[in-house]
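Hi there,

Here is the structure I promised to pass on. Have a look at it first, and then read on for what turned up.

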Amino acid sequence: MDKDLKLLVDEIARATEKSFLNLFQNKEIYYYCALVTTGEAVAPVISAWSWEALENVAKKYSKEDVELIKWSYADSPYWNFGCENFKTVRTLFNERLLDYTDENKWFKEIDFRLEAMVLAMEKIDKKEIFALNQPRSKVYVNVEVMPPDETNTSRALRLNKRENILDWLNEAAEE
């Protein structure tokens, strides 16, 4: 792993781990844990859903609405949780210029950033962070771009066993 990638992976992993560890102190049972960015691969934030949070939302909305937001990063009450932990990540991303004049360089940089995010999630997953309040096999973990596109599915399959994310694949995955 080259030096720039390692630095970015380590810092994203540090911020993400700290944010999820703080979130998981509420002892809720989580089924969705994502690191979310845009199609331009800006500095990420976390989003998560627990069954308890979904149950609270279900009290206010129709069953159809709840099904629509079940996998929604933006509708989660834990969207951008721990954003203060990502200050250094934002600085590192801002220091890495996106060259909009050269399409090849632009896509290469986006791929670099997304790979750093995936490697960071793999790194903290190896520490069993996502198994703290629930079995890891019950948690969908991903690096998602917004708006959602088919690359989310390929990353989901990389970060999870297919049989563990069948609900997400059937209910929310992009074709």
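Glu 11 sits in helix H1. Is Glu 11 buried or exposed? With a relative accessibility of 15%, Glu 11 falls under the 20% cut-off, so it counts as buried. Please keep in mind that this is a predicted model. Leaving aside residues up to four places away in sequence, Glu 11 touches Thr 88, Val 89 and Leu 92.

Those contacts belong to a helix pair. Helix H1 spans residues 3-24 and helix H4 spans residues 87-95, and their axes come within 9 Å of each other, crossing at roughly 150°. Angles over 145 degrees count as roughly antiparallel, which is why H1 is described as roughly antiparallel to H4. The crossing of H1 past H4 is left-handed. On the H1 side, the residues that meet H4 are Leu 7, Leu 8, Glu 11, Ile 12 and Ala 15; on the H4 side, they meet Thr 88, Val 89, Leu 92 and Phe 93.

Now to the sheet. It is open and has 3 strands in the order S2-S1-S3, with mixed pairing. Its edges are strand S2 (45-50) and strand S3 (140-146), each of which pairs on one side only. From one strand to the next, the twist averages 25°. Helix H5, residues 103-126, packs on this sheet and touches both S1 and S3, and the direction of H5 makes about 165° with that of S3.

The pairings can be followed strand by strand. S1 (residues 30-38) pairs with S3 in the parallel sense, over 7 bridges. One bridge to look up there is that of Ala 34, whose partner in S3 is Asn 142. S1 and S2, in contrast, run antiparallel and are joined by 6 bridges. Here Leu 35 has Ile 46 in S2 as its bridge partner. S1 and S2 also form a hairpin, with 6 residues between them, and in the turn Ala 41 has a positive phi of about 60°.

How many residues of S2 are buried? The count is 6 of its 6, so to speak of S2 as mostly covered fits the definition of buried as under 20% relative accessible area. Val 45, Ser 47 and Trp 49 point one way from S2, while Ile 46, Ala 48 and Ser 50 point the other way, and all are buried.

Next, the core. Which residues touch the most other members of the largest nonpolar core? They are Ile 12, Phe 20 and Met 121, out of 58 residues in that core. H5 gives the most to this core, contributing 11 residues. Met 121 is a good place to start if you want to trace the packing yourself. Not counting residues up to four places away in sequence, its contacts include Thr 16 and Phe 20, then Cys 33, Ala 34 and Leu 35, and further along Phe 130, Val 141, Asn 142, Val 143 and Leu 159. Two of the names in that list, Ala 34 and Asn 142, are the bridge partners mentioned above.

Last, a residue in a loop. Ala 74 lies between helix H3 (63-69) and H4. Its relative accessible area is 46%, which makes Ala 74 partly exposed. Ala 74 and Ser 154 are 80 residues apart in sequence, and from C-alpha to C-alpha they are 20 Å apart in space.

Best wishes

Key. Residues numbered from 1 in each chain as written. Predicted model: local features only at pLDDT ≥ 70, side-chain atom pairs only at ≥ 80, totals over all residues. Heavy atoms only, no water. Pairing = 2+ DSSP bridges. Helix = DSSP H or I, 4+ residues; strand = E, 2+ residues; numbered from the N terminus. Axes fitted to C-alpha atoms, helices over the stretch in contact; angles between N-to-C directions. Contact = heavy atoms within 4.5 Å. Core = buried A, V, L, I, M, F, W, Y, C linked by side-chain atoms within 4.5 Å. Buried < 20%, exposed > 50% of the residue type's maximum accessible area, 1.4 Å probe, protein only. Parallel < 35°, antiparallel > 145°, perpendicular 65-115°, else oblique. Left-handed = near helix turned anticlockwise from the far one by under 90°.
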